[in-house]
Amino acid sequence: MTETVSTPPADVPRAPARSGLLIGVLVLSAFVMILNETILSVALRELTVDLRVPTTTVQWLTSGFLLTMAVVIPTTGFLLERFSPRQVFLFSLSAFSLGTLLCALAPGFGMLMAGRVVQACGTAVMLPLLMTTVMRLVPPERRGATMGTITIVIAVAPAIGPTIGGAVLSLGWRWMFWIVLPLAVAALVAGGLLLRIDSERRQVPLDVPSVLLSAIGFGGVLYGLSSTGEPAGAEPPVPPWLSIVVGVVALVVFVWRQLRLQRRDRALLDLRPFTNRSFVVALVLTALLFVCLIGGAAILLPLYLQTVLHTSTFVSGLAVLPGGLVLGLLGRPVGKLFDKIGARPLVIPGAAAMAASLWLFTVLGPASPLIAVIGIHVLLMAGLGLMMTPLFTESLGSLPDHLYPHGSAILSTLQQVAGALGTAVFVSVATLGSHDTTAGSPDGSGLRAAFVVAGVFGTLAFAGTWLIRRRTPVEASTSDS
């Protein structure tokens, strides 16, 4: 049985000015945290040499970060019901700051990986907190514009991570964390002083078996996919096929357990949002989008620039900056357009641009001019900008209020799983497709093969956009009023 400890009425008015301030604190905090998803992508080669481990191992600093988030995020639906937003925020920033300190002080790969895991635990909690807060404080007719601001956090932060990483790398990879640490501490102090949000809290017990099942499930699948890219002769401790099978079985049992627990309103992750067609369509498209964004744009492109074009880490970071800026600039304008015309007219051309740009990457070679690479990347980011805000808002906006925490947890989980899956699959394909598979680092032919796979994912996303529902006349008239 659950016990309600605080149940303010759903129609209690909130102060708009205070709502804006609270959302601003959350957005700035999340930006600093999510930046760390991909900030190390331009440092993969240097870390490979400095830590004396292959690229397929070093990439776990990124995919492991995403994987940890995928394991932790399913618990956030429970956390947001059990604890106040302020308590969740303080835990999130404290964990992230501690992880950042561990990374900065790490003497080797082991402690660096541990620090990334702690960082990810804090980041994972912030994403659903941010989206749930927006859905509860912002009226429906202005959600698109506000979600456009969140797009800057969720998309632009990982997109410009390589740029910042490339600029800072000249000082040494540890400075990527020393520079972030004071920003995280400042956000922690500001949030602790300013964050006060009324919320409904229930004494829901934590289902430990569900937590273990989600960890084994997501961890097994992603570990198996990543292990397939190990260089020849390097046998992983667990066969990749066995890891994937165990992970899939664990996820099946996890789903079965949640379906049983939600009958008593005690599920770790309530799966009722999957009964909503609009939510499911937007969720699948968001997953495909993040496969291409994290795995393709944030991981493959810096490797191509440094391995094939032989650019420095600083130049490769600057090369992706224009695209990151385009993605950021499109956030609020696209959100406002969504409020007027809905998701379908924006997502279809966006997916077409994303798919076209990924296929264009496959024709690049050692003689390709840098300006062509930058232009294709800008096209990719523009396509993602047209897709991301409408998909976020469409998915959560189709749910009832009491499912916002679980819907945002599902959405955030799939984002991180998709990003980690894209990283694991693309790096594996790039390594196995290289002429020398024992080198531990992909070459031009391997990277081209990986971009072909990314193009297939982009094409699937474009095909799926035609399933997005059309805006009804009633919805259109409501948004215009």
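User: In which helix of this structure does I216 lie?
Analyst: In this predicted model, I216 belongs to a nonpolar patch on the surface, where its companions include L212, W241 and V249. At 45% relative accessibility, I216 counts as partly exposed. The helix in which I216 lies is helix 11.

User: Which helix gives the most residues to the nonpolar patch?
Analyst: The nonpolar patch has about 1100 Å² of accessible area together, and its residues include L206, V238, V245 and W256. Two helices, helix 11 and helix 12, each supply at least two residues of this patch. The one that gives the most, with seven residues, is helix 12.

User: How many salt bridges does a search of the whole structure find?
Analyst: Side chains of opposite charge can pair when their charged atoms come close. One of the pairs found here joins D270 and R272, with N to O at 2.4 Å, and another joins R469 and E394, with the closest N and O atoms 2.8 Å apart. For the whole structure, the search finds a number of salt bridges equal to three.

User: How many residues apart are R257 and D207, whose side chains meet in a salt bridge?
Analyst: The side chains of R257 and D207 meet at 2.7 Å, N to O. This pair links distant parts of the chain, for R257 is in helix 12 (residues 240-261), whereas D207 is in the loop between strand 2 (201-202) and helix 11 (208-227), and the number of residues that sets them apart is 50.

User: Is D207 buried or exposed?
Analyst: The partner of D207 in the salt bridge is R257, and R257 is partly exposed, with a relative accessible area of 26%. For D207 the relative accessibility is 11%, and the cut-off for a buried residue is under 20%. D207 therefore counts as buried.

User: What is the relative accessible area of D270, which meets R272 in a salt bridge?
Analyst: The side chains of D270 and R272 meet at 2.4 Å, N to O. R272 counts as partly exposed, at 33% relative accessibility, whereas D270 is buried. The relative accessible area of D270 is 3%.

User: In which helix does E394 lie, given that R469 forms a salt bridge with E394?
Analyst: The closest N and O atoms of R469 and E394 are 2.8 Å apart. R469 lies in the loop between helix 19 (444-464) and helix 20 (473-480), and the two residues are 75 residues apart, so that the pair links distant parts of the chain. R469 counts as partly exposed at 31% relative accessibility, while E394 is buried, with a relative accessible area of 10%. The helix that holds E394 is helix 17 (residues 370-397).

User: Which residue of helix 15 is exposed, with a relative accessible area of 54%?
Analyst: A patch of positive charge on the surface gathers R142, R332, K336 and K340. Helix 15 covers residues 321-341. The residue in question, with a relative accessible area of 54%, is K340.

User: Where in the chain does H310 lie?
Analyst: The phi of H310 is near 60 degrees, a positive value in a residue other than glycine. At 64% relative accessibility, H310 counts as exposed. Its place is the loop between helix 13 (277-307) and helix 14 (313-319).

User: How many of the 29 residues of helix 7 are buried?
Analyst: Helix 7 (residues 109-137) reaches 42 Å from its first C-alpha to its last, close to the 42 Å expected at 1.5 Å a residue. Helix 7 is mostly covered, and the number of its 29 residues that are buried is 22.

How values were computed: Residues numbered from 1 in each chain as written. Predicted model: local features only at pLDDT ≥ 70, side-chain atom pairs only at ≥ 80, totals over all residues. Heavy atoms only, no water. Helix = DSSP H or I, 4+ residues; strand = E, 2+ residues; numbered from the N terminus. Expected span 1.5 Å × (residues − 1). Buried < 20%, exposed > 50% of the residue type's maximum accessible area, 1.4 Å probe, protein only. Salt bridge = Lys/Arg side-chain N within 4 Å of Asp/Glu carboxyl O. Patch = residues over 30% accessible without salt bridge, like charges linked within 9 Å, V, L, I, M, F, W, Y side chains within 5 Å. Areas by Shrake-Rupley, 256 points an atom, 1.4 Å probe, with all protein chains shown as cover. Lys, Arg positive; Asp, Glu negative; His and termini not counted. Charge placed at Lys NZ, Arg CZ, Asp CG, Glu CD.
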